[in-house]
Amino acid sequence: MRKDRLAMIVLTGILSVSMLSGCQSKQSDEKTTAEETTTVEETTTVEETTTAEETTTVEETTTVEETTEAKVSLGVKEIYNKLIGTGYFSDMYSLDGEDLMDYYGIDVSDATEYAFYQGSVSPSADVIALFKCKDNSAANRVAASLQVVLDSIKDSTRDYAPEEYDKAASAKIVNSDGFVSLVVCKNNKEAQNLVDSSK
């Protein structure tokens, strides 16, 4: 009887240990499954983020390329021809590099390309001056010289040609990214817009 009791106690102990092991094993399995699920979810999130970033980069690159293709610069002679085609200017004649230096102190060696035209009928304030300059310093020198041109036109028309003076008074010299321009005509704003969109 004592042997039977001992055997039962041992058996009960073994069963208890087995049950505890089973519970711990089940908890361990549940913990492992939870960790795996978390890892899978985190991986998915990282992949989704990467895909979103890649999509953004592709869209931005496409936009830059489209903008670059749309912008085509014209030469100063082509811009001059477009301006003349508007009908805003009177008859014009061109001044060469020597004349520009003698009359206005403009050194054409500051430009890689230029066009300078003024009205041929007196009194006329009309001017088309377009300079693609070598660098910003050259552009600043050309802009200063064009101010002399504009002031001279105002002085010569102020007292006896009020309409021509008004054209000159509303004109402005534009110095943008090494491109310097002065347009004086009956519609300065539209003429300047044409220059700005063409250069």
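Among the contacts in this protein chain between residues at least 6 apart in sequence, 58% join residues that are at least 24 apart, and I should say straight away that the model we are looking at is a predicted one. The chain has 199 residues, of which buried ones make up 30%, and its accessible surface comes to about 13,100 Å², with 53% of that belonging to carbon and sulfur atoms.

If you follow the sequence along, you meet the pattern α-α-β-α-β-β-α-α-β-β-α, which comes to six helices and five strands.

Let me now turn to one helix, α3, which covers residues 97–104. Which of its residues are buried? They are Gly-97, Leu-100 and Tyr-104, and because these three cover an arc of only 75° around the axis, they sit on the same side of α3. As a reminder for anyone new to this, an α-helix has 3.6 residues a turn, so residues three or four places apart point the same way.

What do the buried residues of α3 pack against? Their partners are the strands β2, residues 111–119, and β3, residues 127–133, together with the helix α4, residues 136–157. On the face turned away from that buried side, α3 carries Glu-98, Asp-102 and Tyr-103, which are exposed.

Finally, please look at the two ends of this helix. At the start of α3, a side-chain oxygen of Asp-96 comes to within 3.2 Å of the backbone nitrogen of Glu-98, while the residue that follows α3 is Gly-105, which has a positive phi, near 70°.

Methods:
Residues are numbered from 1 along each chain as its sequence is written. This is a predicted model: local features need pLDDT of at least 70, side-chain atom pairs count only at pLDDT 80 or more; totals for chains, interfaces and linings use all residues. Side-chain values use heavy atoms; hydrogens and water are left out. Helices (H or I, at least four residues) and strands (E, at least two) are DSSP runs, numbered from the N terminus. Buried means under 20% relative accessible area, exposed over 50%, partly exposed in between (1.4 Å probe, protein chains only). Contact means heavy atoms within 4.5 Å. Accessible areas come from the Shrake-Rupley method with a 1.4 Å probe; for residues, only the protein chains shown count as cover. The arc is that of the directions from the helix axis to the C-beta atoms. A polar contact is a pair of N or O atoms within 3.5 Å; within protein, one must be able to donate a hydrogen and the other to accept it, and residues adjacent in sequence count only if both atoms are side-chain atoms.
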